Structure formats: structure tokens, C-alpha cells
Amino acid sequence: MGGGTEAFPDLGRHCQHSECKQLDFLPFNCNGCRKVFCLEHRSFKSHECPKSDHKSRKVVVCEICSASIETTGCNEDAEKVVLLKHEKSGDCDPRKKKKKPTCAVKRCKEILTFSNTCTCKTCQLKVCLKHRFPADHACKRYHPLQYM
């Protein structure tokens, strides 16, 4: 199905959703069914894509040891099988349960994440954003005169 206008016949494509057929100048190609859709119908759910699980991946977290396990497929039975296999593999150990890293400053309980972690360039200590400056985390190699 083509698109465009009389002056520019190769410009844009018509949405292939059965109830839409809107001419879209920035169309989306579905990774599952390979059809063309407008902004409104581009998601798998909105055009009821029969191949929506095509190349899908999901991560499940073991409740015993907090390990992340990658799985394919979308049903809960497949997830349960993967978790059961993990439990029986010997890799599942509740003593290995990972604690979330926290700021290294005393009495600061801020959990460090990708977006709020700073590594001090002077002492290499990982701290939260509030304690990112050497004077705020009692940096061992910090000398106030060298920063003036």
C-alpha cells in the first residue's frame, strides 16, 4: 500500500491497521508482523500483533537469592520452570543475597543507583550526589587549598 500526495507520491505510508488507513508521513514498521503503522497503532497491543513475542526477553528475579535470570517467552509457567531450574542448579543460595550498595558516608543511608552514584576523583570512594564534593565526604586526600 503506497502513500503520499499527488505532488509527492512516494511520501509517507498508509497505516495498515484495518480501521485506520491514515496517511502517516513518519510511519512505524512493526518488528513482529512487519506491517506499517501510524503513531497511534505502532505498539504490539494497539494493533493486536500476532507475533508480539517475537525476540522478546524478560528478566525474573529469584525471591530466595535475588539473582536476575533472563528468560524468553511470555507465560508464567515458563518463568516458574526457569526459577525452579535455577533453585536446583546449586547457584541459588540465600546467603549470597546481594545487599544494595549505600553511600559510604557515615549515617547516610542513601541507596546508590546508576543515576545517583558519584565516584570521588581524589579518593575513588562511591558516594551519593549529596556527598559528591570532597569536603562533604571527609575525603582523605582532600586539601582545600588545592581547589582554590
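1. Which residue follows α1, and what is the sign of its phi? Gly90 follows α1, and the phi of Gly90 is positive, near 95 degrees. The structure discussed in this note is a predicted model, and the points below take up its overall make-up, its helix, its strands, its cysteines and selected loop residues.

2. Overall make-up. The secondary structure of the protein chain consists of 1 helix and 8 strands. Read along the sequence, these elements are arranged as β-β-β-β-β-β-α-β-β. Of the 148 residues in the protein chain, 26% are buried. The accessible surface amounts to about 11900 Å², and carbon and sulfur atoms contribute 53% of that surface. Among contacts with a separation of 6 or more, 14% join residues that lie 24 or more positions apart.

3. The helix. Helix α1 covers residues 76–88, which is 13 residues. Its expected span can be set against the model: at 1.5 Å a residue, α1 should span 18 Å, and the C-alpha atoms at its ends are 19 Å apart, so the two values agree.

4. The hairpin of β5 and β6. Strand β5 (residues 58–61) pairs with strand β6 (residues 68–71) in the antiparallel sense, over 4 bridges. Two of the bridge partners can be named: Val59 is matched with Glu70, and Val61 is matched with Ser68. Between the strands of this hairpin there are 6 residues, and Ser66 has a positive phi there, near 65 degrees.

5. The two faces of β6. In a regular strand the side chains alternate between the two faces of the sheet. Strand β6 shows such an alternation: Ile69 and Thr71 point to one face and are buried, whereas Ser68 and Glu70 point to the other face and are not buried. The bridge partners named above, Glu70 for Val59 and Ser68 for Val61, thus belong to the face of β6 whose residues are not buried.

6. The nonpolar core. In soluble globular proteins, nonpolar side chains tend to be buried together. The largest nonpolar core of this model has 7 residues, namely Cys103, Val105, Cys108, Leu112, Cys118, Val127 and Cys128. Leaving out residues up to four places away in sequence, Cys128 touches Cys103, Cys108, Glu110, Leu112 and Asn116. Cys103, Cys108 and Leu112 are therefore both members of that core and contacts of Cys128.

7. Val36 in strand β4. Val36 lies in strand β4 (residues 36–37). With a relative accessible area of 3%, Val36 is buried, because this value falls under the 20% cut-off. Once neighbours within four places in sequence are set aside, Val36 is in contact with Arg13, His14, Cys15, Gln16, Pro27, Phe28 and Asn29. One of these, Arg13, is 23 residues from Val36 along the chain, yet their C-alpha atoms are separated by 7.4 Å.

8. Cysteines. How many disulfides does the structure hold? The count is 0. The closest cysteine sulfur to that of Cys20 belongs to Cys38, at 3.9 Å, which is too far for a bond because a disulfide requires sulfur atoms within 2.5 Å. Cys20 itself is partly exposed, with a relative accessible area of 22%. Cys49 is likewise in no disulfide, and the nearest cysteine sulfur, that of Cys30, is 3.7 Å away. Cys49 is buried, at 8% relative accessibility.

9. His41. The loop between β4 and β5 contains His41. Is His41 buried or exposed? His41 is buried, with a relative accessible area of 11%. Apart from neighbours within four places in sequence, the contacts of His41 are Cys15, His17, Cys20, Ser46 and His47. Cys15 is also a contact of Val36.

10. Positive phi in loops. Most residues other than glycine have a negative phi, and most peptide bonds are trans. Lys21 departs from this, with a positive phi near 60 degrees. Lys21 lies in the loop between β1 (13–14) and β2 (23–24) and is partly exposed, at 39% relative accessibility. Glu48 also has a positive phi, near 50 degrees. Glu48 is placed in the loop between β4 and β5, and at 69% relative accessibility Glu48 is exposed.

Conventions:
Residues are numbered from 1 along each chain as its sequence is written. This is a predicted model: local features need pLDDT of at least 70, side-chain atom pairs count only at pLDDT 80 or more; totals for chains, interfaces and linings use all residues. Side-chain values use heavy atoms; hydrogens and water are left out. A nonpolar core is a set of buried Ala, Val, Leu, Ile, Met, Phe, Trp, Tyr and Cys residues joined through side-chain atoms within 4.5 Å. Buried means under 20% relative accessible area, exposed over 50%, partly exposed in between (1.4 Å probe, protein chains only). Contact means heavy atoms within 4.5 Å. The expected span of a helix is 1.5 Å times one less than its number of residues. Two strands pair if DSSP finds at least two bridges between them. Accessible areas come from the Shrake-Rupley method with a 1.4 Å probe; for residues, only the protein chains shown count as cover.
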